[in-house]
Amino acid sequence: MVKLSELPNFRVHLSQLLQQAALTLKVDHALNIEITRTKQVSHGDYSCNLAMQLAKTLHKNPREIAGMLIDAMPESAYVEKIEVAGAGFINFFIKDDAKRLYLNHILQSGDRYGASDFGNGEKIQVEFVSANPTGPLHVGHGRGAAFGASLANVLAKAGFSVTREFYVNDAGRQMDILALSAWLRYLALNDVQVPFPENAYQGEYVKEMAKLIYEAHADRYVHQPAVLLDGLSEAAHEEVINTDEQLDRMIANAKKILGQDYAYIHNFVLTEQLGDCRNDLMEFGVEFDIWFSEQSLFDNGLVARAVRLLDEKKQLYRQDGALWFRSTEFGDEKDRVVQRENGHYTYFASDIAYHLNKFERGYTKVINIWGADHHGYIPRVKGALQALEQDPDKLKIALVQFAVLYRDGKKASMSTRSGEFVTLRELRHEVGNDAARFFYVMRKSDQHLDFDLDLAKSQSNENPVYYVQYAHARICSVLAQWDGDAASLIDAETDLLTGPAERVLLQCLIDFPDTIEAAAQEFSPHLIAFYLRELASEFHSYYNSTHFLVPEIPIMEARLALVMSIRHVLKNGLELLGVNAPEKM
RNA sequence: GUGCCCGUAGCUCAAUCGGAUAGAGCACCAGCCUUCUAAGCUGGGGGUUACAGGUUCGAUUCCUGUCGGGCACGCCA
């Protein structure tokens, strides 16, 4: 029997053994020892390709080097045997009783199993969603939300100190357009007829906000609309308004007419939309630590400061009346405007201030989750940080591709024009939160996602969400029928678990922390989804091949100890993805 | 036109930052419920990893080119 107080991390342990063995080979350069899981049982449990890596520098046959490494390796209480295989792989077979230590550990740690100190408590920020509060979240935001939330959970589980942040674009033109849109709808409710611009916000939710204002304040915000169309072409009075210039003119006129009241309208629509967004996300299981206001960057002078700092570094110049940042000096395709000819700062300017602020808040790593259509934006932001003498590599951008909905095998419309897009809320109500969360992270984030609505809805074996949840529910059902004291399973004689399915399952459970670590390192929560499906699959197979509630008490308890451990891991894994682990289905 | 991403089974996708015989699910075919939930299981067929070269012990992965698809190329956000 192996006796050790501490739970062994096999990969770390084996890596240390190799490290020691490598000393005898007198290699002068740094070693990159990677321990990987094997794909085939005949190759053992873990494998290392170090011998092949060293073949070139040592001018020796990899298999010969592997033999030397094995000879030089210290004895280990965990290792059953070591073999040289193939071109020079070193394959490790772990002792079964060493693996079984994990069952005891999982039963004791329960909800905490899977956690590691991989991240060393490093302060890391994940900024995601950050949708303009100008309308309901749509299915594209949903993927960013699900991905970001899952990634943040994974990072936290892997030992990082994670802050989840939503950047609120509460400054700028889009909010003005929304405020104008709502006010125009409000005027219409008061029987004041003004043409509604085609490029204003058309959605029904705008009319609803107008109605709220009307119900609370009646005609309190009705002002002379006559000058609203001042400065617009004569045609606009009769015909359509659809250019940016016309829209901006109307906004300016509205501000003039409303005076102090404009702030009320602006603030009202912002509060409404942000509240709606927050509710939507909360129902989706996505929560944030910080809602960071873009407007606050202006109010606190941080935008002006960031621009001034760039100027001090001689990174700005004036041309055509605008202020430009020399981003081409830092790899961008062209220089970018930070302050427009009309004196307004660009979105880029506040973004520079925002990112500088993030760095100054002490995060050692800052992760931005962006829609893939923003990829061209990366060089200028990193360039600006570099210009400000910050380390641009601390900023990591995770790009999330669009999700395309399919219904009846056909693309479902998600046009943002005319307000007829599919909202996240609609999706959640149609397929449920669990399916939505799971489907969103089933694919690598930087790949297009075909979201099959019919599949997500189907309560059948085709649906991968139910497949995993069903495994959990089955276990709960078995445990309920056993009706014993779960705590007693810690003393089960787990050395009775010698069947092939049991050994595979045990190794699968041991892999859980490694999977989380990999998902954290590669920003790939989809690895968790794949892992869970694999574990569920192994469990279902075990369930069908082996009866758990057998008369022989020790065997029953041993199997239940394994099954209970699986339950913990399924639950913990689903939790990372924000998916429920139901006890009954 | 320029830049970035992608191209893997009929379909949707994996493949542990160059590793061993490229794996799942769906679909298709053949089986399994008087036994802890059949939302399950077992078995089977299915591949020149778009194409052509190159780098090396070894390539789906890295480099070059071609073809095909997506996105981005504003004093918008």
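The following paragraphs describe the domains, the two sheets and the enclosed cavity of a predicted model.

Chain A is divided into three domains, with domain 1 covering residues 10-94, domain 2 covering residues 173-275 and domain 3 covering residues 461-576. Between domain 1 and domain 2, the C-alpha centres are separated by 70 Å.

An open sheet of four strands, with antiparallel pairing, follows the order E1-E2-E4-E3. Strand E1 (35-37) and strand E3 (79-85) occupy the edges of this sheet, and because each has a single partner strand, one side of each is left without a neighbour in the sheet. From one strand to the next, the twist of this antiparallel sheet averages 30 degrees. The pairing of E3 with strand E4 (residues 89-94) is made through six bridges, the two strands running antiparallel, and within this pairing Val84 is placed opposite Ile90 in E4. Helix H1, which spans residues 10-23, packs on the sheet and touches E1, strand E2 (46-48), E3 and E4, while its direction makes about 130 degrees with that of E4.

A further open sheet is formed by five strands in the order E7-E6-E5-E11-E12, and here the pairing is parallel. The edge positions are taken by strand E7 (290-293) and strand E12 (395-400), each of which has a single partner strand, so that one side of each is left without a neighbour in the sheet. The twist in this parallel sheet averages 25 degrees from one strand to the next. Strand E11, comprising residues 365-371, is joined to E12 by six bridges, and these two strands run parallel; Gly371 stands opposite Val400 in E12. Across E11 and E12 lies helix H14 (residues 378-387), whose direction is at about 170 degrees to that of E12.

When the whole structure is searched for cavities of 30 Å³ or more, one is found. The volume of this largest cavity is about 50 Å³, and its lining consists of Asp96, Lys99, Arg100, Leu497, Arg503 and Leu506. Helix H4 (96-109) and helix H19 (500-521) are the elements that give two or more residues to this lining, and the largest share, three residues, is contributed by H4. Considered by class, the lining of the largest cavity contains four charged and two nonpolar residues, with no polar residues.

Notes:
Residues are numbered from 1 along each chain as its sequence is written. Chains are lettered from A and ligands numbered from 1 in the order in which they are written. This is a predicted model: local features need pLDDT of at least 70, side-chain atom pairs count only at pLDDT 80 or more; totals for chains, interfaces and linings use all residues. Side-chain values use heavy atoms; hydrogens and water are left out. Two strands pair if DSSP finds at least two bridges between them. Axes are lines fitted to C-alpha atoms, for helices over the stretch in contact, and angles run from 0 to 180 degrees between N-to-C directions. Contact means heavy atoms within 4.5 Å. Domain bounds come from an automatic or database domain assignment. On a 1 Å grid over the protein atoms alone, a cavity is a set of points where a 1.4 Å probe fits but cannot get out, and a pocket is an open set with protein on both sides within 12 Å along at least five of seven lines; lining residues have an atom within 4 Å of a point. Grid points are joined across faces, edges and corners, and a volume is the space filled by probe spheres set on the points. Ala, Val, Leu, Ile, Met, Phe, Trp, Tyr, Cys and Pro count as nonpolar, Asp, Glu, Lys and Arg as charged, and the others, Gly among them, as polar.
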